[in-house]
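Hi everyone, thanks for coming. I'd like to walk you through one protein model today, so have a look at the screen.

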Amino acid sequence: SSDTRVHNTIGPFDDEECSLEDSVLADCDTLPEFKTAHGILCPDTVARMDRNTHGGRNNKAVKAFLDRYRHCGPLSCVELLSDPEILPHLTKAMRDLA
């Protein structure tokens, strides 16, 4: 018989176990005629933000975004992009990447 237990994918996490670096897209992940987007939810952008802000160490809003992205994926962060308490901090962090 098959194992019907449901594994909890959201729970305690070890930051070393789930690196944002592992989620960066490879060239082969996109069609040749389409360039990979580099918006705020792009894995490459989030990995750079993570490095640049040291995991959001000095900013609770950026840390909340990075933690959610790392543990729950990019689509779980969509609601944060309309949060007036978080979006300005993410915008600044994005500008600091340039």
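**Starting from one isoleucine**

Okay, let's begin with Ile86: leaving aside residues up to four places away in sequence, Ile86 touches Ala61 and Leu80. Before I go on, please keep in mind that this is a predicted model. So where does Ile86 sit? You'll find Ile86 in the loop between H2 and H3. And is Ile86 buried or exposed? Ile86 counts as buried, because its relative accessibility is 11% and the cut-off for buried is under 20%. Now look at Ala61 again: Ile86 and Ala61 are 25 residues apart along the chain, yet 5.2 Å separates their C-alpha atoms.

Let's zoom out. What is the pattern along the sequence? Reading along the chain, you get α-α-α. That's three helices and zero strands. The protein has 98 residues, and 26% of them are buried. If you take the contacts with a separation of 6 or more, 54% are between residues 24 or more positions apart. As for the surface, the protein exposes about 7,200 Å², and carbon and sulfur atoms supply 54% of that.

Next up, charges. Side chains of opposite charge can pair when their charged atoms come close. How many salt bridges are there in the whole structure? A search finds five.

Here's one of them: Asp50 and Arg70 meet through their side chains, at 3.1 Å from N to O. This pair links distant parts of the chain, with Asp50 in helix H1 (residues 43-52) and Arg70 in helix H2 (residues 60-72), 20 residues apart. Are these two partners buried or exposed? Asp50 has a relative accessible area of 16%, so Asp50 is buried. Arg70 is buried too, with a relative accessible area of 12%. And this pair has company, as Asp50, Lys63, Asp67 and Arg70 are linked in a network of salt bridges.

Now for another salt bridge, between the side chains of Arg68 and Glu79, at 3.2 Å from N to O. This pair also links distant parts of the chain: Arg68 belongs to helix H2, while Glu79 is in the loop between H2 and helix H3 (87-95), eleven residues apart. What about exposure here? Arg68 is partly exposed, with a relative accessible area of 26%. Glu79 reaches 53%, so Glu79 is exposed, because exposed means over 50%.

One more pair: Lys92 forms a salt bridge with Asp96, and their closest N and O atoms are 2.9 Å apart. At 42% relative accessibility, Asp96 is partly exposed.

Keep Lys92 and Asp96 in mind, since both of them help line the largest pocket. How do we find a pocket at all? Rolling a probe the size of a water molecule over the atoms shows where empty space is left. Here, the largest pocket holds about 150 Å³ of space. Which residues line the largest pocket? Going along the chain, we have Asn52, Thr53, His54, Gly56, Asn58, Asn59, Val62, His89, Lys92, Ala93 and Asp96. Helix H3 gives the most to this lining, with three residues. By type, the lining divides into two nonpolar, seven polar and two charged residues.

That's my tour. Any questions?

Notes. Residues are numbered from 1 along each chain as its sequence is written. This is a predicted model: local features need pLDDT of at least 70, side-chain atom pairs count only at pLDDT 80 or more; totals for chains, interfaces and linings use all residues. Side-chain values use heavy atoms; hydrogens and water are left out. Helices (H or I, at least four residues) and strands (E, at least two) are DSSP runs, numbered from the N terminus. Buried means under 20% relative accessible area, exposed over 50%, partly exposed in between (1.4 Å probe, protein chains only). Contact means heavy atoms within 4.5 Å. Accessible areas come from the Shrake-Rupley method with a 1.4 Å probe; for residues, only the protein chains shown count as cover. A salt bridge is a side-chain nitrogen of Lys or Arg within 4 Å of a carboxyl oxygen of Asp or Glu. On a 1 Å grid over the protein atoms alone, a cavity is a set of points where a 1.4 Å probe fits but cannot get out, and a pocket is an open set with protein on both sides within 12 Å along at least five of seven lines; lining residues have an atom within 4 Å of a point. Grid points are joined across faces, edges and corners, and a volume is the space filled by probe spheres set on the points. Ala, Val, Leu, Ile, Met, Phe, Trp, Tyr, Cys and Pro count as nonpolar, Asp, Glu, Lys and Arg as charged, and the others, Gly among them, as polar.
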